[in-house]
Amino acid sequence: MTLEPITDAPKAIGIREATDADLPSIVEIVNLAIESSPYVWTEIPTTIDARHVWFDDHRRSDHPILVAVSPSHGDRVVGWSSLSTFRGRDGYRFTAEVSVYVHPAAQRQGVATHLIQAIDEAARRRGLHALVAVIDAEHSASLSLFRRFSFAERGRLAEIGWKFGARRDEVFMVKLLGAGEARTT
Ligand SMILES: CC(C)(COP(=O)(O)OP(=O)(O)OC[C@H]1O[C@@H](n2cnc3c(N)ncnc32)[C@H](O)[C@@H]1OP(=O)(O)O)[C@@H](O)C(=O)NCCC(=O)NCCS
């Protein structure tokens with residue numbers, strides 16, 4: 001899918017729950033990042049089959065996948081965000097990992113901002129207590145995005161990643177949600 005640069009005002013972007021029909025757009029957005037970005041630590045493209053499994057896992061664990069749609073492009077998906085299981089054990093059940101990806105043609109127009117706002121609300125509705133964003137230490141756009149949403153750096157692991165022939169460092173950014181709203185059971 002080739003997208004012309006998006007000229008919508010940020011408020012024209014809509015956010016909704018993803019459906020299976022969105023998987024081709026999600027796969028395309030992920031693969032554009034995989035092939036071009038040193039900050040996404042895989043060199044193996046994802047597939048629609050793999051993302052069906054991902055989708056089913058999220059449904060089973062009640063973790064949301066949201067998409068951003070652009071009305072001026074026939075409501076095409078221009079970005080997505082998800083909450084995912086953070087490590088597998090039950091002791092982490094009040095924590096989730098946040099991901100956000102925006103199509104290159106739609107970046108710097110507030111799409112991720114809308115997505116993170118919506119995913120934060122979804123996390124609160126689920127009574128989650130902590131959100132974790134796991135980010136390449138040189139990914140200034142993503143670090144800046146999460147800082148704007150009150151995530152703070154809580155850990156840094158040197159040289160644990162590899163992309164495009166170089167070792168990479170990782171930063172853990174954490175946001176604690178309102179204690180009053182968080183579940184304890
Ligand atoms: C990181 C990413 C999600 C940002 O999405 P976006 O829709 O362009 O972000 P927004 O337009 O909502 O920008 C919100 C804030 O993020 C920061 N930001 C976003 N892009 C930036 C850039 N290229 N350089 C510096 N800061 C940037 C800024 O603080 C920005 O606020 P500002 O525009 O008022 O300065 C997007 O670049 C992307 O999808 N990258 C590829 C996939 C990826 O790396 N995902 C993150 C994995 S952790």
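# A walk from the ligand shell to the sheet edges

Helix α4 gives the most to the shell around the ligand, with six residues. That makes the ligand a handy place to start in this model, which is a predicted one. Helix α4 has company here: β4, α3, β5 and α4 each supply at least two residues of the shell. There are 23 residues around the ligand, and the ones that come nearest are Q107, A112, T113, A141 and L145. If you're thinking about chemistry, the shell divides into 12 nonpolar residues, nine polar and two charged.

Let's follow α3 away from the ligand. This helix runs over residues 111-125, and its 15 residues should span 21 Å at 1.5 Å a residue; the C-alpha atoms at its ends are 21 Å apart, so expectation and model agree. Which residues of α3 are buried? They are V111, A112, H114, L115, I116, I119, A122 and A123. So A112 turns up twice in this tour, as one of the residues that come nearest to the ligand and as a buried residue of α3. The cover over the buried residues of α3 includes strands β1 (14-17), β2 (65-70), β3 (76-85), β4 (95-102) and β5 (130-136), along with helix α4 (140-148).

Not everything in α3 is tucked away, though. R124 sits in this helix, and it counts as partly exposed because it has 15 C-beta neighbours inside 10 Å, where burial takes 20 or more. R124 also has a partner far along the chain: G178 is 54 residues away in sequence, while the two C-alpha atoms are separated by 8.0 Å. After α3 comes G127, with a positive phi near 70°.

Now for the sheet. It is open, has seven strands in the order β1-β2-β3-β4-β5-β7-β6, and its pairing is mixed. The strands at the edges are β1 and β6 (152-163); each has a single partner strand, so one side of each is left without a neighbour in the sheet. From one strand to the next, the twist averages 25°. Helix α1 (residues 23-36) packs on this sheet and touches β3 and β4, and its direction makes about 80° with that of β3.

As a reminder, strands of a sheet pair through backbone hydrogen bonds, either parallel or antiparallel. At the β1 edge, β1 and β2 pair in the antiparallel sense over four bridges. If you want a residue pair to look for, the bridge partner of I15 is A68 in β2.

Over at the other edge, β6 and β7 (residues 166-176) are also antiparallel, pairing over eight bridges. Here E153 stands opposite M173 in β7. How many of the 12 residues of β6 are buried? The number is zero, so β6 lies largely in the open. The hairpin of β6 and β7 has two residues between the strands, and F164 takes a positive phi near 50° there. F164 is not a glycine, and it is exposed because 10 other C-beta atoms lie within 10 Å, under a cut-off of 12 or fewer.

A positive phi in a residue other than glycine also shows up at D62, where the value is near 55°. D62 lies in the loop between α2 (48-60) and β2. With 8 C-beta neighbours inside 10 Å, D62 counts as exposed.

For a contrast, go to V132 in strand β5. Is V132 buried or exposed? It counts as buried, because it has 22 C-beta neighbours inside 10 Å. Leaving aside residues up to four places away in sequence, V132 touches F86, T95, E97, V98, F172 and V174. K175 is 43 residues from V132 in sequence, yet the C-alpha atoms of the two are 6.6 Å apart in space.

The last stop is T185, in the segment after β7. T185 is exposed, since 5 other C-beta atoms lie within 10 Å. Its C-alpha atom is separated by 37 Å from that of R168, a residue 17 places away along the chain.

Notes: Residues are numbered from 1 along each chain as its sequence is written. This is a predicted model: local features need pLDDT of at least 70, side-chain atom pairs count only at pLDDT 80 or more; totals for chains, interfaces and linings use all residues. The expected span of a helix is 1.5 Å times one less than its number of residues. Two residues are in contact if their C-beta atoms, placed from the backbone, lie within 7 Å. Two strands pair if DSSP finds at least two bridges between them. Axes are lines fitted to C-alpha atoms, for helices over the stretch in contact, and angles run from 0 to 180 degrees between N-to-C directions. A residue is near a molecule or strand if its C-beta atom, placed from the backbone, lies within 6 Å of it. Ala, Val, Leu, Ile, Met, Phe, Trp, Tyr, Cys and Pro count as nonpolar, Asp, Glu, Lys and Arg as charged, and the others, Gly among them, as polar.
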